[in-house]
Amino acid sequence: MPLAPLPVAIPFAVAGILAASNKFMPRRLADTLAVLCAVANLVFCVLLMAAARSQLLVYWFGGWTPRAGVALGISFAIGPFGAGLAAFTSLLVLAAMVFSLHYFDAIGTLFHVLMMVFLGAMCGFSLTGDLFNLFVFFELMSAAAFALCGYKIEETAPLQGALNFAITNTIAAFAALLGIAMLYARTGALNMAQIGRALDSRPDALVLTAFALILCGFFVKGAVLPFHFWLADAHAVAPTPVCVLFSGVMVELGLYAVARIYWGIMDHPFGADRAAVTGLLLAVGTATAVVGAIMCFGQRHIKRLLAFSTVSHMGLMVIGFALLRIDALAGAALYVVGHGLVKASLFIGSGILLHRLRSVDELELKGRARQCVGTGAMWVLAGLGLAGLPPFATFLGEAAIDDTATKAGHAWVAWVFFFSAVLTAGAVFRVGGRVFLGWGHGEEGETGGAKKIEEGPETKGPRHDIPAAMYGPAAVLALLALAVGIIPGVRQAAQAGATRFADYAGYQARVLDNAVVPLSPPPVEHVFPASSMARSIGAAAAAFLLAWFALSPYWPRKKSWASPVKRLAYNVRRVHSGHIGDYVAFLTFGLALFGIVLSVLVRLGY
Amino acid sequence: MSFLPYFVAAWLFLAGLYGIITSRNFVHLIICLAVLQSSTYVLLLSIGYKWGGVPPVFAGAAVGTPAVDPVVQALMLTDIVVEATVVALLLSLAVQLHKHTRTLNPDDLEALEG
Amino acid sequence: MLVMQATILVFVLVAGTAVVLTRDPRSQVIGLSFYGLLLALMFFLYQAPDVALSQVTVGTVALPLMFMLALARIRRDREKAEREEHKKENPKQARPEENAA
Amino acid sequence: MNRGVRMVLFAASGVMLFGILLWGLRGLPPLGHYHGPYGDVLNSVAVYERHATDVVSAVNFDYRGFDTLGEEFILFISVIGCTLLLRRQKGEGQGEGGSKDEDESSDRRAPSPSDATKVITIGLVGPLIVFGLYIVSHGQLTPGGGFQGGVILATAPLLVYLGGDFKTFQKIISHTLVELAEAGGALAYVAIGFAGYVIGQAFLKNVVPLGETGNITSSGTIILISLATGLEVAGGFVLLLHAFLEQTLETLGGQK
């Protein structure tokens, strides 16, 4: 029997069972069911990924195969990337569920129900081949995420964060829906392959506007500048296991959707205007990476710090996609996996701190985690992964993107990666040095005046030990990030997946005509240039130095407000006001900007 | 007339955005979001319309009578559910927020600055 | 038919704008209910009875009801807070009221 | 940003966005010139293939039934989410209910309705339920279906409340049963999807005999899914309204 519908159907069924038996199901049984479901999903998705290597798997729900090129029903079109992303989602949900075994004693099985539906929605989102179905799973994923984000209703910040998150993402979903409706009016189709086939070879006003709307809609989920504001608000306040999923995979799904739509629908219409798309996306990717990194270094709330690091790394992934080349796409995929693993590990680390020491405030925690040697070691290991040190998976991805960018004449891209790595990893090491080693001073103003956000405990019971269910997932995830970078053949597999993913004509032929599409991925170069190796090692070293400098007595403190760097950081921070009106104003600005810049670039034949 | 519904859709989207940005009350803001959403209703409905078409229900009419597009109507049904559920979630968040802060004005919230 | 279809669009445009511009949430909810009804009528005129039925049940009954209930709760919280503040400011004055109640 | 700066940013970008939207929307076919193919194909084949005269229901529950599965789970998860978000916190409810402070607000309690109103509202419950059931069960034939009928059914217990009979209202929406209905409806949808799957057909394949067009039992799984949806939507909306209603009542005290 085909496995395709199971990654969605099984979590949904488990969610239904858990909700129906909410009142009488013992907590441990619910835990077991949820963990088993995540394991089953992981297995199915890995099997799907293996099966999708030779051929795109197309599954028509209700048995409605297309007639004369017209899709009647909804299809999953499963390539190695989609299945891989679903498998990765399942893995992170598994880690989050194991971690939360010691979490939330109070509230029955509702948390499990939300997590299961969240899992099913994210898997469906990565597997679907239908544009409206993508919107449905987007909304489903969002609805579960809003509730999970506001889970801690005892505090103000989670509620405000969840509201900001929900409002911006809902507006984004409707912007995307407007775009989808416009494409439907033009082509009379909702299946991506069919839409792609029906569109002309040059984008006109309608296609340009629709693409801009859809792009912005999913970029809001992807936290790309100027749509990134909600991310830090939501991540900083969500329960730790939820943060793992938000940062590890949900945000990346926004970018995945854009890439899927580009290569499923838009590659042909924009074929002559690739340079315009590349130019626009390189610019926003770079801006996102830089602003995220600056914001990240200025935080004292550890989860918020990690959230801004996610913004910065999303910018890097957007750069990987922006090049619109197979090698860079493969690199971006590896980067998504590598970053997701280490970021999940770091978030779990912060969750352990919250469990053990009842705080995630960097200054408050100064030196208080000296005895948590294992957690500290894991923290530094994950930080090295974040910096893209070889042989982490992040390095593989970064090197592939740098390499492609240099060949395409954008050699400066490597330095964006460098900048982001130094600042984000530097911030992580600074936290490590202060919290686990007690370096530096614990006064206000150390991080440039960031405010403290109150964070209540998430666990009950004894806190003098760290249960294996907590540090286990963190250690496994960080080591996996290392392993993915070492296993031979990973790059070839990513390359093959990217080739399949970007095969525009093959996708249509497979989905609509059930044709067999051969595949010949371009070979990967086995050795990276020494310069990119050296740069990555240099970035990690520089991050260490920066962290040391930030903790040393030489770090400029309050008195030197006038220094231009601090002023810049201060101004950047002031824009992140937490005010929903500001966020939506920026969202409007972004929508207009993307639409106009894209149209102008294409019309001028840039 | 042939462009009017599209104009209305674009207008409602912008009007909703305006309301959200100037809002001083989260409940007001959520209602504006509902108005913003109605722009998608208007657009979906009008792109599936056909002059002289009957509703896509062939209980009375014979099959083959020109009928309007049933697909957009199915999409709109989904859209309406989305509206109801998102509003419910947002309202619960707003009610809880008000319990803590005694305010619904976004201007008065400062927990997440910087 | 054409005239009606055009008119209802203009009504929707005007009503939608009016709902946004109404600043008091309580009257806004009434406006939203009316706006929902207009939308339902529009769906009906554009040959979408299924959607119109949905819109009538959700847009004019269920949604405004949820808003009303939420507003009632918020109002109660506000009044309670005001009473508490009032009591804090002049405790002597507040006590007899309590006894009377 | 202060209000002024925000408004300037919005005014500038809003005008641009409006312009670009109109520019793009000009590319749409003029109103009334829908040129398919998706909808036209379905309009011509759905009645023969699915024995359902309401093509919208056929699209909703069969051709694009997978979308609707997602849609039902959006509702399902939002209800779970609202229950979670509106859960009672420590020190809330008991402490407040019945305190002197709250008695002051007793005048704000809904005034007890007159007997005539009671009779009318309670009397409306029956017809409303029948109407809701009719809409749910005729989804494949006439406009309506599980969703519309479900919402109508969900308003019935509310009428009981408006009739002033809060105790009966509480009894009707005895939580466990409604929760079971809601989760059961969602579960039934997935189960119908699996029915095709386990006999080797596609997930959500319409595997039940289609019956005679125009008959209430026609259209195979369409009507079954419509019923499951009706159950879920009715349960879900009752839970939603109850969650909000409880919020307004919890400070009243005494009535519980």
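A salt bridge is counted here where a side-chain nitrogen of Lys or Arg lies within 4 Å of a carboxyl oxygen of Asp or Glu. By that rule, R67(A) and E49(D) are joined by a salt bridge, at 2.6 Å from N to O. This pair crosses between chains: R67(A) sits in the loop between β1 (57–60) and β2 (75–78) of chain A, and E49(D) belongs to helix α2 of chain D. Helices (H or I, at least four residues) and strands (E, at least two) are DSSP runs, numbered from the N terminus. Over all chains, the structure holds 21 salt bridges.

The structure is a predicted model, in which local features need pLDDT of at least 70 and side-chain atom pairs count only at pLDDT 80 or more, while totals for chains, interfaces and linings use all residues; side-chain values use heavy atoms, with hydrogens and water left out. Residues are numbered from 1 along each chain as its sequence is written, and chains are lettered from A and ligands numbered from 1 in the order in which they are written.

Chain A makes a good starting point. Its secondary structure comes to 22 helices and two strands. With a radius of gyration (taken over C-alpha atoms) of 23 Å, chain A is close to the 25 Å that the globule rule gives for 606 residues, so it is as compact as a globular protein of that length. The globule rule is 2.2 Å times the number of residues to the power 0.38. Along the principal axes, the C-alpha atoms of chain A fill a box of roughly 70 × 60 × 50 Å.

The confidence of the prediction can be followed along chain A through pLDDT, the predictor's confidence in each residue, from 0 to 100. The average for chain A is 87, and 93% of the residues score at least 70. Among the elements of chain A, helix α5 (residues 131–149) has the highest mean pLDDT, 94, and helix α21 (residues 564–575) the lowest, 76. Over residues 444–448 of chain A the pLDDT is below 50, and this stretch has 18 contacts in the model beyond near neighbours in sequence. Contact means heavy atoms within 4.5 Å.

Some backbone details of chain A also deserve a look. Most residues other than glycine have a negative phi, and most peptide bonds are trans. The peptide bond from L225(A) to P226(A) is cis, with omega near -5°. P226(A) is placed in the loop between α8 (205–221) and α9 (229–237) of chain A. The loop between α8 and α9 of chain A also holds A223(A), which has a positive phi of about 55° although it is not a glycine. Another cis peptide bond, with omega about 0°, joins P390(A) and P391(A); P391(A) lies in the loop between α14 (373–387) and α15 (393–407) of chain A.

Turning to the interfaces, chains A and D share the most contacts of the five pairs of chains in contact. Here 62 residues of chain D are in contact with 76 residues of chain A. The buried area, meaning the accessible area (1.4 Å probe) that two parts lose on being put together, summed over both, is about 5,900 Å² between chain D and chain A, and carbon and sulfur atoms give 74% of it. Four salt bridges are found across this interface of chain D and chain A. One salt bridge pairs E154(A) with R87(D), whose closest N and O atoms are 3.3 Å apart. On the side of chain D that touches chain A, α1, α2, α3, α4 and α9 (175–198) of chain D each supply at least two residues. The largest share, 15 residues, comes from α4(D).

Chain D also meets chain B, with 54 residues of chain D in contact with 53 residues of chain B. Between them, chain D and chain B bury about 4,600 Å², 73% of it on carbon and sulfur atoms. The count between chain D and chain B is one salt bridge, and K50(B) forms a salt bridge with D40(D), the closest N and O atoms being 2.7 Å apart. The helices of chain D that each supply at least two residues of the side touching chain B include α1 (3–25), α2 (38–50) and α10 (221–249). It is α1(D) that gives the most to this side of chain D, with ten residues. Chain A and chain C, by contrast, are joined by no contact, and their closest C-alpha atoms lie 15 Å apart.
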